[in-house]
Amino acid sequence: MTTTRPRLVVGISGSSAPQYGIALLEALRELGTVETHLVVSAGARRTIELEARRDPGEVCALADVVHDSRDLAAAVSSGSFPTLGMAVAPCSMKTLAAVAHGHTDDLLSRAADVTLKERRRLVLVARETPLSLVHLRNMTAVTEAGAVVLPPVPGFYSGPRTIDDLIHHIAGKVLDQFGIEHDLFRRWTGPTREFS
């Protein structure tokens, strides 16, 4: 497929909080500035049903292109397929471990591995708490390999009023990593009367 828009790979793994990946896809669809290539793990399909109470097919319809997580021959499994990079939101500790150790037994981990080897931006919205030493060492390993670990830590300087505001803040922080302009949250410009 020929495209004039840059491509971004979005992965949703089986961690709790698939809302982050959904919000990211919704924002990208609304912006229309990049072509989204989605990989949803089997575990993520289940958490989408259980936690987001949405049909996984409905979520997949938000992407421009959807790749089967079992298809290691998909375009996003090759470094010759140009992309801006990849965001995994949320990123389970299983996926984090796979990326940290180059264990690419599914398309999600393979696409992430390709992103690293091609020196493209890889953003992992690692969702777990508390963190064990194993988790922390895996985060160090992926960071040393060039990834950005972006835990979904809420920010309150933008004056969130709803859970959706907190989710959009994280989606916006992910977009910032790729230089994609958005208005998902109010940026800090210094103290105002509201924050005094």
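This is a short talk on the sheet, the helices, the cores and a few side-chain pairs of one predicted model.

Some ground rules. The model is predicted, so local features need pLDDT of at least 70 and side-chain atom pairs count only at pLDDT 80 or more, while totals for chains, interfaces and linings use all residues. Residues are numbered from 1 along each chain as its sequence is written, and side-chain values use heavy atoms, with hydrogens and water left out.

Let's start with the sheet. There are six strands, the sheet is open, and the order is 3-2-1-4-5-6 with parallel pairing. Strands here are DSSP runs of E, at least two residues; helices are runs of H or I, at least four residues; both are numbered from the N terminus. Two strands pair if DSSP finds at least two bridges between them.

Now the edges. Strand 3, residues 65-67, and strand 6, residues 148-149, each have a single partner strand, so one side of each has no neighbour in the sheet.

Moving through the pairings. Strand 1, residues 7-12, runs parallel to strand 4, residues 85-91, and three bridges join them. Val9 stands opposite Met86 there. Between strand 4 and strand 5 there are five bridges, again parallel. Gly85 faces Arg121 of strand 5. Strand 5 then joins strand 6 in parallel through two bridges. In that pairing, Val123 has Val148 as its bridge partner.

How enclosed is strand 5? Five of its six residues are buried, so strand 5 is largely enclosed by the rest of the structure. Buried means under 20% relative accessible area, exposed means over 50%, and partly exposed is in between, with a 1.4 Å probe and protein chains only.

Next, what packs on the sheet. Helix 5, residues 107-117, lies across strand 1, strand 2 (35-40), strand 3, strand 4 and strand 5 (121-126). Helix 5 runs at about 135° to strand 4. That angle is between N-to-C directions, from 0 to 180 degrees, with axes fitted to C-alpha atoms and, for helices, over the stretch in contact. Contact means heavy atoms within 4.5 Å.

Helix 4 is residues 93-100, and its buried residues are Met93, Thr95, Leu96, Ala98 and Val99. Their cover includes strand 4, helix 5, strand 5 and helix 6 (133-144). After helix 4 comes Gly102, with a positive phi near 65°.

On to the cores. A nonpolar core is a set of buried Ala, Val, Leu, Ile, Met, Phe, Trp, Tyr and Cys residues joined through side-chain atoms within 4.5 Å. The largest has 34 residues, and Leu25, Leu28, Leu38 and Val174 touch the most other members. Contributors of at least two residues each include strand 1, helix 1 (19-31), helix 2 (42-52) and helix 3 (56-60). Helix 1 gives the most, seven residues. A second, separate core has 22 residues, among them Cys91, Leu107, Ala112 and Ala147.

Look at Leu28. Not counting residues up to four places away in sequence, Leu28 touches Leu8, Val10, Thr33, Val34, Thr36, Leu175 and Ile180.

Then Ile170, in helix 7. Ile170 is buried at 3% relative accessible area. Which residues does Ile170 contact, leaving aside neighbours within four places in sequence? Tyr20, Val125, Leu150, Pro151, Pro152 and Val153. Ile170 and Ala23 are 147 residues apart in sequence, yet 8.9 Å apart in space, C-alpha to C-alpha.

Aromatics next. There is one aromatic pair. Tyr157 and Trp188 meet edge-to-face, 6.4 Å centre to centre, with 75° between the planes. The rule covers rings of Phe, Tyr and Trp (its six-membered ring) with centres within 6.5 Å; planes under 30 degrees apart are stacked, over 60 edge-to-face, and the rest tilted. Tyr157 sits in the loop between strand 6 and helix 7 (163-177), and Trp188 in the segment after helix 7, so the pair ties together parts 31 residues apart in sequence. Both rings' residues are partly exposed: Tyr157 at 28% relative accessibility, Trp188 at 45%.

Last, cysteines. How many disulfides are there? Zero, where a disulfide is a pair of cysteine sulfur atoms within 2.5 Å. The sulfur of Cys60 is 18 Å from its closest cysteine sulfur, in Cys91, too far for a bond. Cys60 is buried at 9% relative accessibility, and Cys91 is buried at 0%.
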